[in-house]
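Open the model in your viewer and keep the sequence panel visible. The stops below go from the ligand outward.

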Amino acid sequence: MKIAFVGKGGSGKTTLAALFARSVMASSPTAPVLAIDADINQHLAAALGAPEDEAVLLRALGDHLGEIKEYLRGSNPRISSVTAMVKTTPPGRGSRLLRVAEPNPLYDRLVHTVAGIRLAVTGPFASDDLGVACYHSKVGAVELLLNHLVDEHGEYVVVDMTAGADSFASGLFTRFDLTFLVCEPTVRSVGVYRQYVSYARDHGVRVAVIGNKVDDDGDVDFLRQQVGDDLLTWVGRSGFVKAAERGRVLPIGDLEPDNAAALITMRMALDKCDKDWARYTSQAVDFHLRNATAWANDRVGEDLADQVDPEFMLGPTALAAVH
Ligand SMILES: Nc1ncnc2c1ncn2[C@@H]1O[C@H](COP(=O)(O)OP(=O)(O)OP(=O)(O)O)[C@@H](O)[C@H]1O
Ligand SMILES: [Mg+2]
């Protein structure tokens with residue numbers, strides 16, 4: 001299952017993504033889990049419990065885009081070269097597909113184990129990038145991975161996303177089985193929820209609101225009033241999180257029971273989601289065609305609509321055919 005954490009800046013996306021991944025690993029130690037930090041501010045490694053100096057040493061997806069494209073392209077005859085492969089280029093026959101956990105050269109190089117959790121990072125927006133590159137090219141690596149990834153129930157890809165509506169700069173926001181929108185009981189946080197849902201609605205994106213930093217019943221009432229049935233559960237203001245903030249990462253078993261229960265509710269909601277590979281595939285194609293006409297055809301000098309393989313549908317059948 002592919003899961004996004006979105007919401008207003010500072011609402012707790014990274015904190016909850018890390019807690020969610022840790023809680024899944026704690027209750028199902030053999031479950032395939034892959035956490036991905038797709039935020040400009042790269043804090044997921046630290047939130048998982050990596051020392052700061054270790055976090056800066058992680059090899060970043062954004063710095064290995066060529067390698068990622070080369071691998072995923074495989075022998076797909078519709079993709080003329082690595083440079084013709086853009087972030088939205090969909091898989092087709094001949095492409096390499098990914099599972100959540102498997103031995104492959106990309107994961108060998110780009111997936112790290114941080115505090116027991118498998119983690120890939122897009123990499124920070126470096127000062128070299130200022131004015132010449134945009135963050136979207138780095139996040140493009142995540143879009144490519146997700147578009148080639150066949151996951152099942154009981155497998156979890158947990159993506160920590162950029163704040164607010166920045167996620168809509170690409171098709172990435174449609175790549176998830178469930179989007180957890182982290183929302184503090186404040187007018188501004190709810191405002192980001194409204195904006196997100198209004199963009200997402202047209203694309204059939206499933207959004208569940210997770211209240212965060214909730215202090216009392218009044219906070220829950222406020223959230224319920226503002227977001228209605230979209231409120232799935234909430235996490236209270238947490239001493240466990242505060243301790244981590246001060247450098248003391250406690251074992252996940254020490255998390256406050258109500259907050260641990262909220263994480264389980266989130267997992268159950270996710271496990272209930274059905275997978276629709278036909279829709280997933282056609283949305284990828286849709287966004288690719290839009291990007292092709294908007295900028296990519298000009299950039300590459302080809303009609304990138306030709307990259308679409310009309311006979312291909314991502315999913316377990318395609319995966320079985322490759323393996
Ligand atoms: N439930 C909580 N209880 C106490 N503190 C919290 C809780 N959730 C988050 N925080 C604190 O709030 C701050 C912001 O959290 P976090 O970094 O997870 O937010 P974010 O949405 O990822 O922010 P950004 O938009 O910068 O990526 C951190 O200091 C974090 O420790
Ligand atoms: Mg964050």
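Start with helix α1, which gives the most to the shell around ligand 1, with three residues. Helices (H or I, at least four residues) and strands (E, at least two) are DSSP runs, numbered from the N terminus.

Before going on, note that this is a predicted model, in which local features need pLDDT of at least 70 and side-chain atom pairs count only at pLDDT 80 or more, while totals for chains, interfaces and linings use all residues. Residues are numbered from 1 along each chain as its sequence is written, chains are lettered from A and ligands numbered from 1 in the order in which they are written, and side-chain values use heavy atoms, with hydrogens and water left out.

Next, select ligand 1 and the residues that have a heavy atom within 4 Å of it. The selection should hold 17 residues, and the closest are K13, T14, T15, D39 and E245. By class, two are nonpolar, nine polar and six charged. Here Ala, Val, Leu, Ile, Met, Phe, Trp, Tyr, Cys and Pro count as nonpolar, Asp, Glu, Lys and Arg as charged, and the others, Gly among them, as polar.

Now show the polar contacts (pairs of N or O atoms within 3.5 Å). A backbone N or O atom of G10 is 3.0 Å from an oxygen atom of ligand 1. At G236, a backbone N or O atom is 3.0 Å from a nitrogen atom of the ligand. K213 uses its side chain: a polar atom there lies 3.0 Å from a ligand oxygen atom.

How much of ligand 1 does the protein bury? Taken alone the ligand exposes 630 Å², and the protein buries 81% of that; the areas come from the Shrake-Rupley method with a 1.4 Å probe. Colour the elements that give two or more residues to the shell: α1 (13-27), β7 (207-214), β8 (231-236) and α9 (239-245).

Stay on β7, the strand that holds K213. K213 has a positive phi of about 60° although it is not a glycine. Its relative accessibility is 25%, which counts as partly exposed (buried is under 20%, exposed over 50%, partly exposed in between, with a 1.4 Å probe and protein chains only).

Move to A115, in the loop between β3 (112-114) and β4 (117-121). A115 also is not a glycine, yet has a positive phi of about 50°. This residue is exposed, at 53% relative accessible area.

Finish in helix α9 with A244, which is partly exposed at 30%. Draw a C-alpha to C-alpha distance from A244 to L48: 9.4 Å in space, across 196 residues in sequence.

Definitions and conventions
Polar contact = N/O pair within 3.5 Å; in protein donor to acceptor, adjacent residues only side chain to side chain.
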